[in-house]
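The following note is offered to a student who is beginning to read protein structures. Please keep the structure in view while going through the points.

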Amino acid sequence: MESKIRLSGITRESVVDGLGFRYVLYAQGCPHRCKGCHNPSTHSFEGGELVDVENIVYDIKKYTMLDGITCSGGECFEKAEQFAFIAKEVKAMGLNVWAYTGYTLEEILLYQNDRSGWNDFIKYIDVLVDGRYQEDHKDLSLCFRGSTNQRLIDMQRTLHTGEISLFQI
Ligand code: SF4
């Protein structure tokens with residue numbers, strides 16, 4: 001595994017990227033190019049900054065009030081090996097893991113064996129917010145998602161039962 005991950009940024013104590021206090025990692029690079037995307041500067045795979053995953057885990061340990069981390073973007077599944085490493089370490093600390101992706105869960109399950117790190121990453125995700133942002137389905141009243149096509153999925157229950165289980169807030 002490449003030990004560095006290209007990030008567009010880090011927010012160390014967020015309350016808007018999932019439940020509770022969260023350490024948020026924004027991947028640099030996204031192939032989806034959703035119309036109306038709020039983070040177009042994250043689309044290029046060249047920008048941002050390369051950060052060592054061990055240093056990220058070390059930094060997360062300093063924030064003792066955290067409930068979990070959120071893997072966001074950009075597209076975090078384009079950096080799935082590195083996010084899987086971070087997520088595994090974070091779970092061992094007793095924190096939870098949320099991940100935002102433009103891929104649908106169905107796409108992830110279809111390609112999980114072909115794409116590097118996908119199989120591993122989904123094992124550590126508690127809540128997956130899936131699907132591309134669809135401007136014509138935008139709804140400002142939604143919690144933790146931008147458009148109605150996106151879902152908050154209880155990933156562990158879904159993997160365990162084989163049926164999509166939505167996360168209840
Ligand atoms: S998946 Fe997210 S970051 Fe990528 S284009 Fe869509 S809204 Fe923007």
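1. A definition is required at the outset: two strands are said to pair if DSSP finds at least two bridges between them. In this predicted model, strand S5 (residues 96-100) and strand S6 (residues 127-130) meet that condition, being joined in the parallel sense over 3 bridges. Within this part of the sheet, Ala99 stands opposite Leu128 of S6. In general, the strands of a sheet pair through backbone hydrogen bonds, and the pairing is either parallel or antiparallel.

2. The wider sheet should be considered next. It is an open sheet of 7 strands with mixed pairing, and the strands follow the order S3-S1-S2-S4-S5-S6-S7. Strand S3 (49-52) and strand S7 (151-154) each have a single partner strand, so one side of each is left without a neighbour in the sheet. From one strand to the next, the twist averages 30°.

3. Where does the ligand sit? The ligand sits in the largest pocket. This pocket has a volume of about 830 Å³. Of the 31 residues that line the largest pocket, Asn39, Tyr100, Tyr133, Gly146 and Gln150 are the closest to its centre. Sorted by class, the lining comprises 11 nonpolar, 13 polar and 7 charged residues.

4. Which residues are around the ligand? They are Cys30, His32, Arg33, Cys34, Cys37, His43, Gly74, Gly102 and Tyr133. This shell divides into 4 nonpolar residues, 4 polar residues and 1 charged residue. Tyr133 therefore deserves a second look in the structure, as this residue belongs to the shell and is also one of those closest to the centre of the largest pocket, a pocket defined on a grid over the protein atoms alone.

5. Two residues of the shell, Arg33 and Gly74, call for attention to their backbone. As a general rule, most residues other than glycine have a negative phi, and most peptide bonds are trans. Arg33 has a positive phi of about 50°, although it is not a glycine. Arg33 is placed in the loop between strand S2 (22-27) and S3.

6. The second backbone feature concerns Gly74. The peptide bond leading from Gly73 to Gly74 is cis, with omega near 0°. Gly74 lies in the loop that runs between strand S4 (68-72) and helix H2 (80-92). Gly74, like Arg33, is among the residues around the ligand.

Terms used:
Residues numbered from 1 in each chain as written. Predicted model: local features only at pLDDT ≥ 70, side-chain atom pairs only at ≥ 80, totals over all residues. Heavy atoms only, no water. Near = heavy atom within 4 Å. 1 Å grid on protein atoms, 1.4 Å probe; cavity = no way out; pocket = protein on both sides within 12 Å on 5 of 7 lines; lining within 4 Å. Sits in = over half its atoms within 2 Å of the grid points. Nonpolar A, V, L, I, M, F, W, Y, C, P; charged D, E, K, R; others polar. Points joined across faces, edges and corners; volume = space filled by probe spheres on them. Helix = DSSP H or I, 4+ residues; strand = E, 2+ residues; numbered from the N terminus. Axes fitted to C-alpha atoms, helices over the stretch in contact; angles between N-to-C directions.
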